[in-house]
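Welcome to this tour! Open your viewer, switch to a cartoon view and keep the selection tool handy.

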Amino acid sequence: MSYLEIPLWRLSIALGLIALAIVLSRRSKLGLEREIFIGSLRGAAQLIAIGYVLLLLFQHQHPAFVFLLLLVMLVVAAATSARRVEHGPPWRVLFPRALASIGAGALVALVPVFALVVPPKPWYDARYLVPIGGMMLSNAMNCVALVFERIFASAATESDQIEALLSLGATPRQALQRQERTTLRAALLPTINGLLTVGLVALPGMMTGQIVSGTAPEQAVRYQIVILYQLVAVAAVAGICAAAFARRLLFTRRAQLVLRPRPTQ
Amino acid sequence: MPAPSTPSPELLEARSLVLVREGRRILDGASISVRPGEAVAISGASGSGKSTFVRALATLVEPDLGEVLLGGRDARTLAPGAYRTRVAFLAQQPAIFPGTVAENLAAGPALRGASLPAERALSLLAAVGLPEAFLLREGRTLSGGEKQRLALARALANEPGILLLDEPTAALDPAAGELIVQLVRALAARGHSVLMVTHVAEHARLLGGSRYRCEAGKILAELA
């Protein structure tokens with residue numbers, strides 16, 4: 001084996017870092033101790049669980065299991081990005097739209113890459129589909145959550161502008177154009193910044209992991225380049241889909257802005 | 001774009017508008033008919049439904065029952081953008097878009113891919129009593145009364161026949177408010193149909209046309 005194994009007792013030493021964060025939180029009166037503690041346990045539990053799931057998947061390679069896991073990841077991602085959207089419609093309205101946006105983004109980013117760039121053998125090899133799929137779903141989830149959060153909030157705070165444009169004859173697309181553009185820029189910028197700083201500031205997790213586990217650095221780098229490009233595509237497609245869904249939810253068929261309590265005088 | 005043409009307003013009617021929100025009947029059979037070139041003032045207490053009524057006429061809210069007709073045609077059969085360029089609406093505190101006064105004036109035509117010639121922009125400013133020098137000023141730096149006049153000029157750039165105004169003087173000092181009413185009155189005299197909602201009885205009188213009051217979601221004719 002070409003990498004250092006981490007026995008559990010050494011893993012537990014890493015908990016000291018969490019203890020440090022908790023102490024700092026308490027001393028600075030941030031009130032985040034509970035969140036940090038629960039988050040660290042939950043994160044570890046989820047990762048250990050997925051570790052065993054992956055182990056099972058690798059041992060019993062079957063396309064149905066691989067796609068079932070990806071489907072579960074997609075549903076969790078959509079459910080997470082659709083919750084707690086202030087000024088927005090309820091979860092049950094946003095969830096299917098989040099599902100479609102994240103699904104579309106992931107499909108666009110994954111299918112061509114697995115077909116042409118990194119063709120796994122067998123084609124449903126969980127070692128490739130699950131981690132790379134997970135990264136795409138996670139980026140799409142963050143992007144969609146940000147789009148929903150910002151677009152409904154800005155439509156609520158800038159409803160006067162939007163209605164002024166509608167009153168001048170604007171279509172919903174024209175009336176919401178500024179808010180949509182600002183939202184999409186904000187949603188895409190973290191991914192684009194990632195492109196600009198990668199290698200200079202951050203060595204991405206997947207590449208680091210591959211190098212640590214013995215992959216030749218130049219191959220690990222190629223993988224990472226593909227991943228970065230996929231992340232840009234997934235953010236763009238998922239973000240634009242989510243913005244289009246939000247626009248449809250914000251206006252009636254008769255180009256009337258909804259979701260804002262109307263003056264009743 | 002040609003020089004300001006004579007407005008050709010059409011008959012605007014609301015027939016038995018009903019609008020219920022959260023169990024409350026905000027409009028309860030509200031009707032009105034605004035003939036071409038007519039000036040109409042609607043007054044009423046806060047909460048009487050007058051703002052919602054004018055917003056329904058502007059097709060910014062959809063009544064649950066009843067219909068709005070423009071030139072005898074149900075507004076729902078017209079494209080929203082086409083209706084709203086013929087029937088302009090001004091909110092109580094109109095939103096001024098980022099950019100200069102000139103860019104604000106050109107906003108309506110720009111939505112249809114048209115430009116606003118400089119001489120037309122100047123004539124619009126003159127129509128609302130703003131000096132030429134304002135063209136290059138940042139729209140958002142204007143005073144409340146100036147913003148209201150800019151919004152009026154911006155709406156006129158679409159050459160609408162009908163102007164709907166929701167409490168245009170409510171956020172202004174008395175002098176600025178009176179000036180707006182006089183401008184609106186002058187527009188009516190030039191052939192525009194005007195419907196102005198106001199809670200200031202003096203402004204309703206100053207407009208000089210038909211007067212109505214809104215009560216519990218109904219529009220009632222005021223006795224002269």
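Before the first stop, one definition: helices here are DSSP runs of H or I with at least four residues, and strands are runs of E with at least two, numbered from the N terminus. Keep in mind too that this is a predicted model.

**Stop 1: chain A as a whole.** Select chain A and colour by secondary structure. How many helices and strands does chain A have? It has eleven helices and zero strands, so reading along the sequence you meet the pattern α-α-α-α-α-α-α-α-α-α-α. Now look at its extent: the C-alpha trace spans about 75 × 55 × 35 Å along its principal axes. Of the 265 residues in chain A, 32% are buried. Contacts also link distant parts of the sequence: among those between residues at least 6 apart, 74% join residues at least 24 apart.

**Stop 2: the largest nonpolar core.** Next, select A:Ile102, A:Ala140, A:Val144, A:Val147 and B:Leu164. These residues touch the most other members of the largest nonpolar core, which has 124 residues. Which helix gives the most to this core? Highlight α6 of chain A, residues 126-157: this helix supplies 18 residues.

Zoom in on A:Val144. Leaving aside residues up to four places away in sequence, A:Val144 touches A:Ser81, A:Ala98, A:Ser101, A:Ile102, A:Ala238 and A:Ala242.

**Stop 3: where the chains meet.** Show both chains together. Here 28 residues of chain B are in contact with 19 residues of chain A. On the chain B side, select α1 (50-57), α2 (80-86), β6 and α4 (107-111), each of which supplies at least two residues. The largest share, four residues, comes from α2(B). Colour this side of chain B by class and you will find 13 nonpolar, ten polar and five charged residues.

**Stop 4: the sheet in chain B.** Hide chain A and find the open sheet of six strands in chain B, whose order is β6-β7-β8-β3-β9-β10, with mixed pairing. Why is one side of β6 and of β10 left without a neighbour in the sheet? In chain B, β6 (87-90) and β10 (218-221) stand at the edges and each has a single partner strand, so one side of each stays free of a neighbour there. Look along the sheet: neighbouring strands are turned by 20 degrees against each other on average, direction ignored.

As a reminder, strands of a sheet pair through backbone hydrogen bonds, either parallel or antiparallel. For an example, select β3 (residues 39-44) and β8 (residues 193-197) of chain B, which pair in the parallel sense over four bridges. To finish, pick B:Ala41 and find B:Met196 in β8(B) standing opposite.

Technical notes. Residues are numbered from 1 along each chain as its sequence is written. Chains are lettered from A and ligands numbered from 1 in the order in which they are written. This is a predicted model: local features need pLDDT of at least 70, side-chain atom pairs count only at pLDDT 80 or more; totals for chains, interfaces and linings use all residues. Two strands pair if DSSP finds at least two bridges between them. Axes are lines fitted to C-alpha atoms, for helices over the stretch in contact, and angles run from 0 to 180 degrees between N-to-C directions. Two residues are in contact if their C-beta atoms, placed from the backbone, lie within 7 Å. Ala, Val, Leu, Ile, Met, Phe, Trp, Tyr, Cys and Pro count as nonpolar, Asp, Glu, Lys and Arg as charged, and the others, Gly among them, as polar. A residue is buried if 20 or more other C-beta atoms lie within 10 Å of its own, exposed if 12 or fewer, and partly exposed in between; C-beta atoms are placed from the backbone. A nonpolar core is a set of buried Ala, Val, Leu, Ile, Met, Phe, Trp, Tyr and Cys residues joined through C-beta atoms within 7 Å.
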